[in-house]
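Colleague: Could you please take a close look at a single part of this model and guide a first-year student through it? A connected account would be most welcome.

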Amino acid sequence: MEENVNRRDFLGMSLAAVAAVGAGGTLFAMKKTWDPLPSVVTGGFTTVDISQLQKGELKTFEWRGQPVYVLKKASDDKKVEGRDFELDGEVYSVGLQVCTHLGCIPKYEEDKKEFLCGCHGGIFNSSGQNLSGPPPRPMTIPPFNINGTKLVFGEEGDIYKQLASKA
Ligand code: FES
């Protein structure tokens, strides 16, 4: 009898321990699901200092979980009206680096000055305009504002509004 009680106690405690671990794991998973993304925690804004960009250089950043590129155009690149903007005498292109066909992430080929989408061969120019392949439209210009040498993605500044009005 003594042995049965001990076995029952042991099984009960084991079951309680397993249940406690399971409940803890469930609560942890629920908290992770409900926590906003890091970019949302900071108000949905991503601030990028572009003062160190070299001519012809492209950098990709994350904004609200999506890749956003900033390209400082080379001296021999022309400014595309409605797509590019000037800051301190330099020309920049910004866009969501997401293919407008089915959402793949095109790679920027610096030597060709084009974005190539590896999924179905879509090609965009350095201003994010679709040149060939299945993409039906240019890459989206995300809302941004200019603050000195910084771009603040998530804010709708005057230049963004001008570009958006021509899209
Ligand atoms: S997803 Fe880019 S071409 Fe299809």
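Modeller: A residue is called buried if 20 or more other C-beta atoms lie within 10 Å of its own, exposed if 12 or fewer do, and partly exposed in between, with the C-beta atoms placed from the backbone. The model is a predicted one, in which local features need pLDDT of at least 70 and side-chain atom pairs count only at pLDDT 80 or more, whereas totals for chains, interfaces and linings use all residues. Residues are numbered from 1 along each chain as its sequence is written.

R64 has 16 C-beta neighbours inside 10 Å and therefore counts as partly exposed. The loop that holds R64 lies between β2 (58-63) and β3 (66-72); strands here are DSSP runs of E with at least two residues, and helices are runs of H or I with at least four, numbered from the N terminus. Most residues other than glycine have a negative phi. The phi of R64, however, is positive, near 50 degrees.

A second residue of this kind is K113, with a positive phi near 55 degrees. K113 is placed in the loop between β6 (107-109) and β7 (114-116). Because K113 has 17 C-beta neighbours inside 10 Å, this residue counts as partly exposed.

The strands on either side of K113 lead to a sheet. β6, β7, β8 and β9 form, in that order, an open sheet with antiparallel pairing; two strands pair if DSSP finds at least two bridges between them. At the edges stand β6 and β9 (130-132), each of which pairs on one side only. From one strand to the next, the twist averages 35 degrees, where axes are lines fitted to C-alpha atoms (for helices over the stretch in contact) and angles run from 0 to 180 degrees between N-to-C directions. Within this sheet, three bridges link β7 to β8 (residues 123-125) in the antiparallel sense. L116 has I123 in β8 as its bridge partner.

Another open sheet has three strands in the order β1-β11-β10, also with antiparallel pairing. Its edge strands, β1 (46-49) and β10 (144-147), have a single partner strand each, so one side of each lacks a neighbour in the sheet. The twist in this sheet averages 25 degrees from one strand to the next. β10 and β11 (residues 150-153) run antiparallel and are joined by four bridges. I146 has L151 in β11 as its bridge partner.
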